[in-house]
Amino acid sequence: MARKLYLATFFLLLSFSTAFAQFEEPEIVKVEPADRERFQDRFESIKWTGQGLYNPTTIDRIPTIELRSRLQAVFGDPTQTIEDLINNRNFRPGKAIQFEYWFVVDEEMPLMILDLDGPFENGLVYVGASRFIDLMPQVKRTLNRLLMGEEGNLQEFQDYFYSPERQQWYLVQYKDGEFTQNTIDRPTFN
């Protein structure tokens, strides 16, 4: 009888700890530009999906240009921008993005956040490893809290973007309290 009570108590505690773990906030660590190759090697066989990240939150209704500023405030510079890609031999401007933030969540789940249409739309694109699909809603809620909370104040930034629809380059920035996307000639980088 005592053994049954012990086992019942053990399984009850185990179920409570599992349920509690589902509500713990995930640790989201940004991949620095210098660590891009290591991230790509580690997760080269990952099957990427956006499923689990579709549930709408506040950050899905905010202009991308503002979200870029909030990401800068919380996580610093992006992991990759068009500047990192422009001098590659196989660079095609129409396939490039304005910015990408790469993360590792809870030391094992890869996550990428990027713009889809530069500064001209709302929201962001989120992709993660398909095997972690059950964790993705909590990850997105945490991102929403970080970006919309006190940590997510607006921070100055400067990016470049190429719009294939407009066939035009843009300097995109938040500076002196103002968001701008000015047309420019193709930028050159060292």
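How many of the 190 residues in the protein chain are buried? Buried residues make up 44% of the chain, and the legends below tour some of them in this predicted model.

**Figure 1. The whole chain combines 5 helices with 9 strands.** Following the sequence from its start, you meet the elements in the order α-β-α-β-α-β-α-β-β-β-α-β-β-β. Among contacts with a separation of 6 or more, 66% link residues 24 or more positions apart. The chain exposes about 11,600 Å², and carbon and sulfur atoms supply 49% of that area.

**Figure 2. Helix α5 covers residues 136-148.** Does its length fit its residue count? What span should 13 residues give at 1.5 Å a residue? The expected value is 18 Å, and the end C-alpha atoms are 18 Å apart, so the two agree. Buried positions in α5 are Met136, Gln138, Val139, Lys140, Thr142, Leu143, Asn144, Leu146 and Leu147. These buried residues pack against several elements, including β1 (28-30), β2 (48-49) and α3 (64-75). Their partners also include β4 (99-105), β5 (109-114) and β6 (125-129).

**Figure 3. Thr142 sits in helix α5.** Is Thr142 buried or exposed? Its relative accessibility is 2%, under the 20% cut-off, so Thr142 counts as buried. Beyond its neighbours within four places in sequence, Thr142 is in contact with Glu25, Pro26 and Ile28.

**Figure 4. The largest nonpolar core holds 33 residues.** Within this core, Phe75, Leu111 and Leu143 touch the most other members. At least two core residues come from each of α3, β4, β5, β6 and α5. Strand β4 gives the largest share, with 6 residues. A second, separate core has 10 residues, among them Phe91, Tyr160, Tyr162 and Phe189. As background for this view, nonpolar side chains in soluble globular proteins tend to be buried together.

**Figure 5. Leu111 and its contacts can be followed in a close-up of their own.** Which residues does Leu111 contact once its neighbours within four places in sequence are set aside? The list includes Trp48, Leu53, Tyr101, Trp102, Phe103 and Val105. Val127, Gly128, Val139 and Leu143 are also in contact with Leu111. Leu143 is worth finding here, being one of the residues of α5 that are buried.

**Figure 6. Pro110 lies in strand β5.** With a relative accessibility of 0%, Pro110 counts as buried. Its C-alpha atom is separated by 5.7 Å from that of Gly128, although the two residues are 18 apart along the chain. Setting aside neighbours within four places in sequence, the contacts of Pro110 include Phe39, Phe43, Ile46 and Trp48. Phe103, Val127, Gly128, Ala129 and Phe132 are in contact with Pro110 as well.

**Figure 7. Phe39, Phe43, Trp48 and Trp102 make up one aromatic cluster.** The structure holds 10 aromatic pairs. In the pair of Phe39 and Trp48, the ring centres are 6.5 Å apart and the planes meet at 35°, so the pair is tilted. How exposed are these two partners? Phe39 counts as buried at 5% relative accessibility, whereas Trp48 counts as partly exposed at 35%. Both Phe39 and Trp48 are also in contact with Pro110, so you can look back to the previous view with this pair in mind.

**Figure 8. The loop between β4 and β5 contains Asp106 and Glu107.** What is notable about the backbone of Asp106? Its phi is near 50°, a positive value in a residue other than glycine. Glu107 is not a glycine either, and its phi is positive at about 65°. Asp106 counts as partly exposed at 37% relative accessibility. Glu107 counts as exposed at 63%.

**Figure 9. Strands β8 and β9 form a hairpin.** Strand β8 spans residues 168-175 and strand β9 spans residues 178-184. In which sense do the two strands pair? They are antiparallel, and the pairing runs over 7 bridges. Across the hairpin, Tyr174 stands opposite Phe179 in β9. The turn leaves 2 residues between the strands, and Asp176 there has a positive phi of about 50°. When you trace side chains along either strand, remember that in a regular strand they alternate between the two faces of the sheet.

Methods
Residues are numbered from 1 along each chain as its sequence is written. This is a predicted model: local features need pLDDT of at least 70, side-chain atom pairs count only at pLDDT 80 or more; totals for chains, interfaces and linings use all residues. Side-chain values use heavy atoms; hydrogens and water are left out. Helices (H or I, at least four residues) and strands (E, at least two) are DSSP runs, numbered from the N terminus. Buried means under 20% relative accessible area, exposed over 50%, partly exposed in between (1.4 Å probe, protein chains only). Contact means heavy atoms within 4.5 Å. Accessible areas come from the Shrake-Rupley method with a 1.4 Å probe; for residues, only the protein chains shown count as cover. The expected span of a helix is 1.5 Å times one less than its number of residues. Two strands pair if DSSP finds at least two bridges between them. A nonpolar core is a set of buried Ala, Val, Leu, Ile, Met, Phe, Trp, Tyr and Cys residues joined through side-chain atoms within 4.5 Å. Rings of Phe, Tyr and Trp (its six-membered ring) pair if their centres lie within 6.5 Å; planes under 30 degrees apart count as stacked, over 60 as edge-to-face and the rest as tilted.
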